[in-house]
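Good morning, colleagues. Today I should like to take you through one structure, moving from a contact between chains to the interior and then to a pair of domains.

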Amino acid sequence: MRARPMAFALLLLATTAPTAAAQEAYPARPITLVAPFPPGGVADLTARPVAAALEKVLKNPVGVVNKTGAAGAVGMQFVATSRPDGYTLLLALSSIAIIPEADKLFGRPPAFTVDQFVPLALISADPTILVVPADKPWRTARDFIEDARKRPGQISYSSSGIYGTLHMAMELLSHAADIKLRHLPTPGAGPAITAILGGHVEALASGPAAVIAHIQSGKLRPLASWGVERHPALPDVPTFKELGLPGAEFYIWAGVFAPKGTPAPVVARLESALRQAVAEPEFRGAMDKLKTPIAFRQGEEFRRFFDADARRLAEGVRRVGRVESK
Amino acid sequence: MTTDRAAGVVLALFGAWVLWESRALPLGTLRHPGPGYMPVALAVVLVVCALAIVSLGAGAPYVGAAGWGEWRHAVAIFGACAFAALALERLGYRLTVALVLVLLVGVLERRGPVGTLLFAVAIAAGTYFLFDTLLRVPLPRGPLGL
Amino acid sequence: MLETLQNLSLGFSVALSPTVLLYAFVGCVIGTLVGVLPGVGPLAGISLLLPVTFGLDATRAIVMLAGIYYGAMYGGSTTSILMRIPGEAASVMTCIDGYAMARKGRAGAALAIAAVGSYVAGTASIVGLMALAPPLAAFALRFGPPEYLALLTLGLLVLAYMSSGSMLKSLAMAALGLLLGMVGIDQMSGYFRFAYGLVELGDGLGVVPVAVGLFGLAEILATAGQPTPPGVIQPRFRELLPSRREWRESTLPIARGTVLGFLIGVIPGSAHIISSFVSYALEKRLSRHPEEFGQGAVAGVAGPESANNSATSGAFVPMLALGVPSGPIPAVMLAAMMVHGVAPGPLLIQQQPALFWGFIASMYVGNVVLLILNLPLVGLFVNLLRVPYSYLYPAILVFAILGVYAVNGSVVDVWIMLAMGVLGWVLRKLDFETAPIVLGVVLAPMIELSLRQSLAMSDGRYAIFIERPIAATLLAVGAVLVLLSLRTFVRRGRDWRARVVLAGKGEGP
């Protein structure tokens, strides 16, 4: 009696061989944009306006799906291994370059590699901002750096997780300024902000949108920015480049990728569609509300930006090394 | 072999296995515990408790007497659920659910074919409509669009 | 005081306007549905439905999301009581005594008490939110890793009171649960622990698949094959409502659960999940008949359910007063506000009074709506139990699989649920309790992280736990509790735990 259900089941499993994709004009089916972070996070909030604008331009449904887990690795691995037919795209953050490097560091097979993707467009690139609690004595970045040199390993900072974007930003600064800080990883950007607001740490490298409200209310003081140019919402905050530390350059950027092997005409279609999408007034309005300036780059420009960024981050990860073996 | 003894042995073995698997994780120091610290500590606690349970477990009822009568049924249910897990993303939600319900209600519980089929299709389509269409919770679609 | 009343009337005028009221109602209904679905809890519910709110204006979106949140907390108790499947992680404790009450034919009473307790707790905690938000939020922010660890250690002590049987067995189960919680990426060092190459396990096994598997699936595996299916209970209408004795027994637990849940909910982080566990332990400790717990004690339903609901308002305190994302759910709400152009922050109350007070007023309204929704539904839900078990349990299984899958869209979660289901079934046979496992899975990552974070903050000095006043106080309270229970343990004569064991064997006073 129990053999029948099993045989039935086996028969059904045998019929689940994937059906061959028919040749069709692109796009003919709904496209999925995978956001590898939970709803409400930076990647998710950027992905939705992108999807909406893309849908308008392509006149084809584009839906956002959150595939969360392992600081983005789950979603990124999902797209890296999905069929390269242009119907599964990824909205990735700068951590896409960090995760494979961290995997290499621990000697485990990488969840995915950067060359499993074809970069389509850079959407936004927010420089991180160095903030300290307002009741701390440092008024400028120089004060901070000098104090850090005097007391190596004493000044603590929080981050969104080890080898995460906020950690890497601080790491680049530490290397460029030749200082040593004490790192407190927290499970995400939210807890990192809570930690500094509660006075449990003394510094934080954060994406600007999350801390602007606290800067305006006087709880946090911005000291410097990791960008090449000053952030439009914080015109009085100098960049580390101005302060003579060009190595401290870091952006929390968001870009759209497709799996490698996506046919060239599909890639071209998507690239031009994205170019049109970011010009849509609704898209601009949505990004304004998020206080995230649009920094659109494509093709060769994006590739150069991406490669330089990936190289910086890979070096940073290698420099941090394995924390536990120190 | 009493229930307590059996459980204790299995738990002790599990704890030992965790200890073995943790050997690659650095222990760190008491002042800076590493990733292996807590797993090792907990595994030790588990093994100690398990051994204590084994040594005190003579008075517990025998394993056979614990009432395993429904095991065939339980295995069949588990099999159906396993099939669901395997098929969910390959066959799509609606087809998988309908099949699982047919398996459980029709084959295992031996209810009539008409009622079973109606029930299966109703639940599969109804929940899909409610969650995928109305609430926009993405549920997998199989090759047949189901 | 006058100003507060004025603000409230502003808020109510916003909240009771027809469209806002409609969205609150829709949110409550969706939340109840989401809550009733096993596994998908308020966080998953809000996250999944956040995109739906993008087309609305800020107030309506927030009101709807809050309605979903509340509705999910109300709805979570329904499946816990009727089918012993936790609607979300925080409803696990309701499964124990709520289901026992249902088996005794008191399902309607349990549902009603859960609904009323949730309503009282929800409303009272909103008052707390209104009155105490700024000072409480400032206090809450002072909870850093050392304070968190002290609090969670107290939570561990709760385990001692959860067990009705052998302490040793419960300790083993707790250790097992804590070990299971170690799976995943280590936050402090980046190592992948016990994940065997499965990226999906990076965030751990997940309390949802574990809880649904250990309680729901295990229950079905054990009951479905029984020669006599569970008796179909056919209650009359009068029996649907709690008796006077049951109401009396639930008053104090509801009050205690409200205060306790609110305080725990205020603390930033995910501690609010343990509010129901702590409430259960507290009620058991304070009860005159602790042997009833596990067999259908009213306090075992009233306390945890109230604690749950007031923890939700507590979680909003830091979010609204300071714009701080004090946990995953407030973080999603803050993001929703940002998307709609409302800048969250300490000035929110001043800059957006209509939004803030409208939100508060809509929470009152939402609680009333949910009470009105849930009480008549008690009759409907209890009638679901009349469906023959052969049809009922496959449907429940489908819902469980659907719920667990929907949280992350991951089949790996379904497999975890299956494995936990088998484990739970076997443990039942061998007479081990499964609730400590769930508590362990919840607590382990938080305890380890807080400990190592504290040591990172202090550069390895354990003295940090004594130097910080809040942490030191909490640890002192814990030490006192341990000493107290050791004293009763050592003292000659029957202590309450021995009574429990004896009562279980059918002897004793």
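How many residues of chain C are in contact with chain B, and with how many residues of chain B? Please bear in mind throughout that this is a predicted model. The answer is that 50 residues of chain C are in contact with 52 of chain B.

On the chain C side of that contact, six helices each supply at least two residues: H3 (42–49), H8 (167–180), H9 (207–224), H17 (389–408), H18 (411–429) and H19 (435–458). The largest share comes from H17(C), with ten residues. By class, the side of chain C that touches chain B holds 37 nonpolar, six polar and seven charged residues.

Let me now turn to one of those helices, H8(C). This helix has 14 residues, and the distance from its first C-alpha to its last is 20 Å, close to the 20 Å expected at 1.5 Å a residue. Is H8(C) enclosed by the rest of the structure or not, and why? Twelve of its 14 residues are buried, so H8(C) is largely enclosed by the rest of the structure. Among the buried residues are C:Lys169 and C:Ser170, together with C:Ala172, C:Ala175, C:Leu176 and C:Leu179.

Those last four residues bring us back to chain B. Leaving aside neighbours within four places in sequence, B:Leu46 is in contact with C:Ala172, C:Ala175, C:Leu176 and C:Leu179, and also with B:Leu11 and B:Gly15 in its own chain.

B:Leu46 appears again in the interior. The largest nonpolar core has 353 residues, and B:Leu46 is one of the six that touch the most other members. The others are A:Leu33, A:Leu91, B:Leu101, C:Ile62 and C:Val438. Helix H6 (residues 107–141) of chain C gives the largest share of this core, 20 residues.

Finally, chain A. Its domain assignment gives domain 1, covering 30–125 and 251–320, and domain 2, covering 129–249. The C-alpha centres of these two domains of chain A are 25 Å apart. Across their boundary, 19 residues of domain 1 are in contact with 15 residues of domain 2. Which elements of domain 1 each supply at least two residues to the side that touches domain 2? They are helix H4 (95–105), strand E10 (251–259) and helix H11 (299–320) of chain A. H11(A) contributes the largest share, six residues. That side of domain 1 comprises twelve nonpolar, four polar and three charged residues.

Thank you for your attention.

Definitions and conventions:
Residues numbered from 1 in each chain as written. Chains lettered and ligands numbered in written order. Predicted model: local features only at pLDDT ≥ 70, side-chain atom pairs only at ≥ 80, totals over all residues. Core = buried A, V, L, I, M, F, W, Y, C linked by C-beta atoms within 7 Å. Buried ≥ 20, exposed ≤ 12 C-beta atoms within 10 Å, placed from the backbone. Helix = DSSP H or I, 4+ residues; strand = E, 2+ residues; numbered from the N terminus. Contact = placed C-beta atoms within 7 Å. Nonpolar A, V, L, I, M, F, W, Y, C, P; charged D, E, K, R; others polar. Expected span 1.5 Å × (residues − 1). Domains from an automatic or database assignment.
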